[in-house]
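Biologist: I have a structure open in front of me and I would like to learn how to read it. Could you take me through it one feature at a time?

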Amino acid sequence: MPIVQLGEPGDWTNYHGTGVCEGATRFALRSGDAARGRDELAAAAAAVHDWLARAQQQGRRVRPLGAGWSPSNVNICADAWLLHTRRFNRCFRIGAADVRPGIDASGLMLVEAGALVDEVSDKLEEQGRSLWTSGAGNGQTFAGAAATGTHGSMVAHGGIQDHIRAVQVVTPAGIHWVEPAAGVMGDAFIAATGSVPLRDDDVFAAVQLPVGALGIITALVVDSVPKFLVRPIQNLRRVDCAALDWLAAGDFRRFSAAYALDRDPDFVQMIVNPYKPFKRPAMLRFLYREPWRPDYPHATPGELGAGYDALSLLGRLLDDWPWARGALLQFAMKQGYAAGPDVDDPPVLGTWGEGLDTHRPLADLFNASVTIDRADLAHVFELICAVFTRHGGSTAVTVRFMERAEGLLAPARFAHNAVIDFDGPRSQRTADAYARVVERLDREGVAFTRHWAKSCRLDAARIAADYGADLGRWRAARDRLLPDPSHRALFGSAVLDGFGLTV
């Protein structure tokens, strides 16, 4: 059977140990051995549809679970039925006969909802293709990363959900194949998956980033680009405050020339200590795209800088130096710095997937973020540092850059975005520092959004203010997909109810 129950009801804790579903009944959706993906999806989606009917009959809410990666509590619901999709993870090629006229099938792949970002990346690379963006790690399911707006940070691209071209979603009312109005897959293919086509631009833009509130996602059609190489450069440099103006203006070439290579970078990351940030070295990382060649010298993920992000670095440090907090943050950052490859070192090359790694669980860490209009960077950075100087706090501050992302509820909703992460040891002091940053930005009238998968301190009023008309469009799309209020409630949780996304 595609769905099996996993033991007796009990408590389930998410990957990072930040939330517990009490009294949960756990089920697993598992891949079969069908030769064609469409046949496997038909069986799996039918099983999910029956499972939802049973849950509703028994008065149980349901939550889809991939890797359980999200540190926020959007997926935490007491006495719920949890559907683990992690073992529903096959990927299938798509042929020219499967798509509508005018669609190029060569870059498309059919992905079951439990496939990890790492697995999708590996399968694409076997076909000479590549993802063009993803988050700092690869341990999330692709569907889960998209569902919460995992932002990636390639400077010319949006979020990971931008890869999605079609979605199979199961609700109590039926099995839907959702695409943009122009269509992607052929009608015969869709029928073979057991789905009914729903070609609607707004419904598609809603299910690209559904925050777990629009049904059970069972499959995705994922787009890709030809495989390429990246060259990483990472170093410790004191950054001049004027450089923030370059970044705010999108002059990444100038920033790169000052601190790495005189080339246009595809990725720019800066990790700083918010206490006297221009007098202490920042941890800088750049990625430069290189043409694909099969004879490149292979490097390990560590040599490529995988895990070179604040969460991974601080996580390792807190294992070795549990006292590395507050005023010792700069020392901790320096100890965690992975030396090279710097400008003068021999170039190190790897594929996009080879430069990603899986975090260990980060149960002792706090992480949150704000996404702002890139043009506001210098002003916002000054405000953040002022808050830390006056009130204290124990987080590193990471700045990355991306373009507007697809999806009606994408946090990266500005034309050009700066994403600012706050990562540190989990404590009340850390949480208070982030809360004060948010309050200061509000007082100054700075427009910003927050990551759905992180500690976001959101409520329905704030979400309505942040997303405006797009939230109205998302709700209208939800109501077309889930017209019955009892079906919307089925996919809720205390957090999602509080956000106003399931009522």
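Modeller: Gladly! Let us begin with Val211, which counts as buried because its relative accessibility is 2%. Please keep in mind throughout that this is a predicted model.

Biologist: Where along the chain does Val211 lie?

Modeller: Val211 belongs to the loop that runs between α5 (201-207) and β12 (216-222). Its backbone is worth a look too. Most residues other than glycine have a negative phi. Val211 is not a glycine, yet its phi is positive, at about 50°.

Biologist: What is the phi of Asp79, and is Asp79 buried or partly exposed?

Modeller: Asp79, again not a glycine, has a positive phi of about 60°. It sits in the loop between β4 (62-65) and β5. With a relative accessible area of 48%, Asp79 is partly exposed, whereas Val211 is buried.

Biologist: Now a helix, please. How does the expected span of α1 compare with the distance between its end C-alpha atoms?

Modeller: The idea is to count 1.5 Å a residue, so the 21 residues of α1 should span 30 Å. The C-alpha atoms at its two ends are 30 Å apart, which agrees. Just after α1 comes Gly59, with a positive phi of about 70°.

Biologist: Which residues of α1 are buried?

Modeller: First the general idea: an α-helix has 3.6 residues a turn, so residues three or four places apart point the same way. Now look for the buried residues in α1: among them are Gly37, Leu41, Ala44, Ala45, Val48, Trp51, Leu52 and Ala55. Charged names appear in that list as well, including Arg38 and Glu40.

Biologist: Let us turn to aromatic rings. How many aromatic pairs are there?

Modeller: The count comes to 14 aromatic pairs. One of them joins Trp51 and Trp81, whose ring centres are 5.8 Å apart, with 40° between the planes. An angle from 30 to 60 degrees is called tilted, and this pair is tilted. Trp51 is in helix α1 (residues 37-57) and Trp81 in strand β5 (residues 81-84), so the pair links parts of the chain that are 30 residues apart. Both rings belong to buried residues: Trp51 has a relative accessible area of 0%, and Trp81 has 3%.

Biologist: Which parts does the pair of Phe278 and Phe381 tie together?

Modeller: Phe278 and Phe381 form a tilted pair, 5.8 Å centre to centre and with 55° between the planes. Phe278 lies in the loop between β15 (267-272) and β16 (282-290), and Phe381 in helix α10 (residues 377-391), so the pair ties together parts 103 residues apart in sequence. Phe278 is partly exposed, at 33% relative accessible area, while Phe381 is buried, at 2%. Rings can also gather in a group: Phe255, Tyr259, Phe286 and Tyr288 form one aromatic cluster.

Biologist: Which charged residue sits over the ring of Phe228?

Modeller: That is Arg289, with its charged end 3.9 Å from the centre of the ring. In another case, Arg462 lies over the face of Phe448, at 4.4 Å from the ring centre.

Biologist: How far apart in space are Arg480 and Val203?

Modeller: A useful habit is to look at sequence and space together. Arg480 and Val203 are 277 residues apart in sequence and 7.8 Å apart in space, C-alpha to C-alpha. Arg480 is found in helix α12 (residues 460-481) and is partly exposed, with a relative accessible area of 44%. You can do the same with Tyr15 and Gly68: they are 53 residues apart along the chain, and their C-alpha atoms are separated by 5.2 Å. Tyr15 has its place in the loop between β2 (10-13) and β3 (20-29), and at 27% relative accessible area it is partly exposed.

Biologist: To finish, what is the volume of the largest pocket, and which residues lie nearest its centre?

Modeller: Its volume is about 240 Å³. The lining has 15 residues, with Pro71, Ser72, Asn73, Lys454 and Ser455 nearest the centre. A lining can also be sorted by chemistry: here seven residues are nonpolar, five polar and three charged. The elements β18 (365-373) and α14 (494-499) each give at least two residues to this lining, and β18 has the largest share, with three.

Terms used. Residues are numbered from 1 along each chain as its sequence is written. This is a predicted model: local features need pLDDT of at least 70, side-chain atom pairs count only at pLDDT 80 or more; totals for chains, interfaces and linings use all residues. Side-chain values use heavy atoms; hydrogens and water are left out. On a 1 Å grid over the protein atoms alone, a cavity is a set of points where a 1.4 Å probe fits but cannot get out, and a pocket is an open set with protein on both sides within 12 Å along at least five of seven lines; lining residues have an atom within 4 Å of a point. Grid points are joined across faces, edges and corners, and a volume is the space filled by probe spheres set on the points. Helices (H or I, at least four residues) and strands (E, at least two) are DSSP runs, numbered from the N terminus. Ala, Val, Leu, Ile, Met, Phe, Trp, Tyr, Cys and Pro count as nonpolar, Asp, Glu, Lys and Arg as charged, and the others, Gly among them, as polar. Rings of Phe, Tyr and Trp (its six-membered ring) pair if their centres lie within 6.5 Å; planes under 30 degrees apart count as stacked, over 60 as edge-to-face and the rest as tilted. Buried means under 20% relative accessible area, exposed over 50%, partly exposed in between (1.4 Å probe, protein chains only). A charge sits over a ring if NZ of Lys or CZ of Arg is within 6 Å of the ring centre and within 35 degrees of the ring normal. The expected span of a helix is 1.5 Å times one less than its number of residues.
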